[in-house]
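Biologist: Please walk me through this model, beginning with the overall content and then going to single residues.

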Amino acid sequence: MATPFRNRRQSSITPGSAPPLAHVHLRPILNLSPSLISNVSKSCVYDDTHKQLLVVADNKLLFWNLPEISAGQHHSQQQQQQGQQQGAPSRTMGAASRERSDSAAGKGSMGMGMGGPASGLAPDAVVSPQVCFLSQGPVITARFSPDRKILAVQRTDTEIEFVNQEDGSQFWQKCKGTSRLGFGSETKLLGFFWCSNMSNLDIVFVTTGGLELYKLLGSKKGLQLKEVKKHSIKWYKYTADTKLVIIATGEDCSRLFGYQFAPQGLIKLPRFDVDLQSGTDKGSQDS
């Protein structure tokens, strides 16, 4: 009789038990000074297109390029390890790294411009952000275009401001979805996201009435509406890595739709209905 082969991990699992959970190692990569964020407004967003943390403070947009910060810390740690292996005074190297970081932080972030990548950072160093100045007014969220040449700033629940980072020119765009003849509830802008590697599409407005697909004009002074996908949207989630947006519709958000923004065009995924009733019944039985 042949005995099936089982590796060490499989042999440690009790038959009928749940598989073990994977272990994930988390490490901090960004240390913010309390004085820096003491007067920060509520607008704070993570942009997964550029892997940036963006924070609005007064009329400034503060942003950190997380991969560059992480790479700088990794480079600093490698230098320290090499110094220890070669018998070099690693304490002096670490102190010098911290002095460089403290010196950069001591200069203050409010006067900084579009700086370069962080390098030689100590793991506990306070990292100063890059700064983009904004015009006065409320800010809900903001994101840079894929080429970083246009900054889109959502000012209200119906309008987005676009700022050209090369010449400082601006234009505004309101979402198109409004109720006919002014009756009924007005369509609200839930958010937006930029698209990359698409020939006929640059940015998508997500509203309570659907998806509005826009193309940036060649002059970079306006948008052209290309298409509208009508849905009664309650919430949405977009990821830049997969170029996929999931939208929830229905009064109980139980109906999900998906669109993928591929280079050859927009791909609509099959509708998915969430069975909320069965989950409720199961919860009542468990209680």
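**Overall content**

Modeller: The secondary structure of the protein chain comes to four helices and 16 strands. The model is a predicted one.

Biologist: What percentage of the residues of the protein chain count as buried?

Modeller: A residue counts as buried under 20% relative accessible area. The protein chain has 287 residues, and the buried portion is 35%.

Biologist: What percentage of the accessible surface of the protein chain belongs to carbon and sulfur atoms?

Modeller: The accessible surface amounts to about 17400 Å². The part that belongs to carbon and sulfur atoms is 53%.

Biologist: Which strands are the edge strands of the open sheet β9-β10-β11-β12?

Modeller: Four strands make up this open sheet, in the order β9-β10-β11-β12, with antiparallel pairing. An edge strand here pairs on one side only, which holds for residues 189-194 and for residues 223-230. The edge strands are therefore β9 and β12.

Biologist: What is the average twist in that sheet?

Modeller: The twist is taken from one strand to the next. Its average is 20°.

Biologist: How many bridges join β11 and β12, and which residue in β12 stands opposite Y214?

Modeller: Strand β11 covers residues 210-216 and pairs with β12 in the antiparallel sense. The pairing runs over seven bridges. Opposite Y214, in β12, stands L225.

Biologist: Is T141 buried or exposed?

Modeller: T141 is placed in strand β5, residues 141-144. Leaving out residues up to four places away in sequence, T141 touches S43, V45, A152, V153, Q154 and F192. Its relative accessible area is 10%, and the cut-off for buried is under 20%, so T141 is buried.

Biologist: And how does D252 count by relative accessibility: buried, exposed or partly exposed?

Modeller: D252 lies in the loop between β14 (244-249) and β15 (255-262). Buried means under 20% and exposed over 50%, with partly exposed in between. The relative accessibility of D252 is 47%, so D252 is partly exposed.

Biologist: How far apart in space are D252 and L276, C-alpha to C-alpha?

Modeller: In sequence, D252 and L276 are 24 residues apart. In space, the C-alpha to C-alpha distance is 8.6 Å.

Biologist: L276 is also part of a nonpolar patch on the surface. What accessible area do the residues of that patch have together?

Modeller: The patch is formed by F272, V274 and L276. F272 lies in strand β16, residues 265-273. Together the patch residues have an accessible area of about 250 Å².

Terms used
Residues are numbered from 1 along each chain as its sequence is written. This is a predicted model: local features need pLDDT of at least 70, side-chain atom pairs count only at pLDDT 80 or more; totals for chains, interfaces and linings use all residues. Side-chain values use heavy atoms; hydrogens and water are left out. Two strands pair if DSSP finds at least two bridges between them. Helices (H or I, at least four residues) and strands (E, at least two) are DSSP runs, numbered from the N terminus. Axes are lines fitted to C-alpha atoms, for helices over the stretch in contact, and angles run from 0 to 180 degrees between N-to-C directions. Patches are made of residues with over 30% relative accessible area and no salt bridge: like charges are joined within 9 Å, nonpolar side chains (Val, Leu, Ile, Met, Phe, Trp, Tyr) within 5 Å. Accessible areas come from the Shrake-Rupley method with a 1.4 Å probe; for residues, only the protein chains shown count as cover. A salt bridge is a side-chain nitrogen of Lys or Arg within 4 Å of a carboxyl oxygen of Asp or Glu. Buried means under 20% relative accessible area, exposed over 50%, partly exposed in between (1.4 Å probe, protein chains only). Contact means heavy atoms within 4.5 Å.
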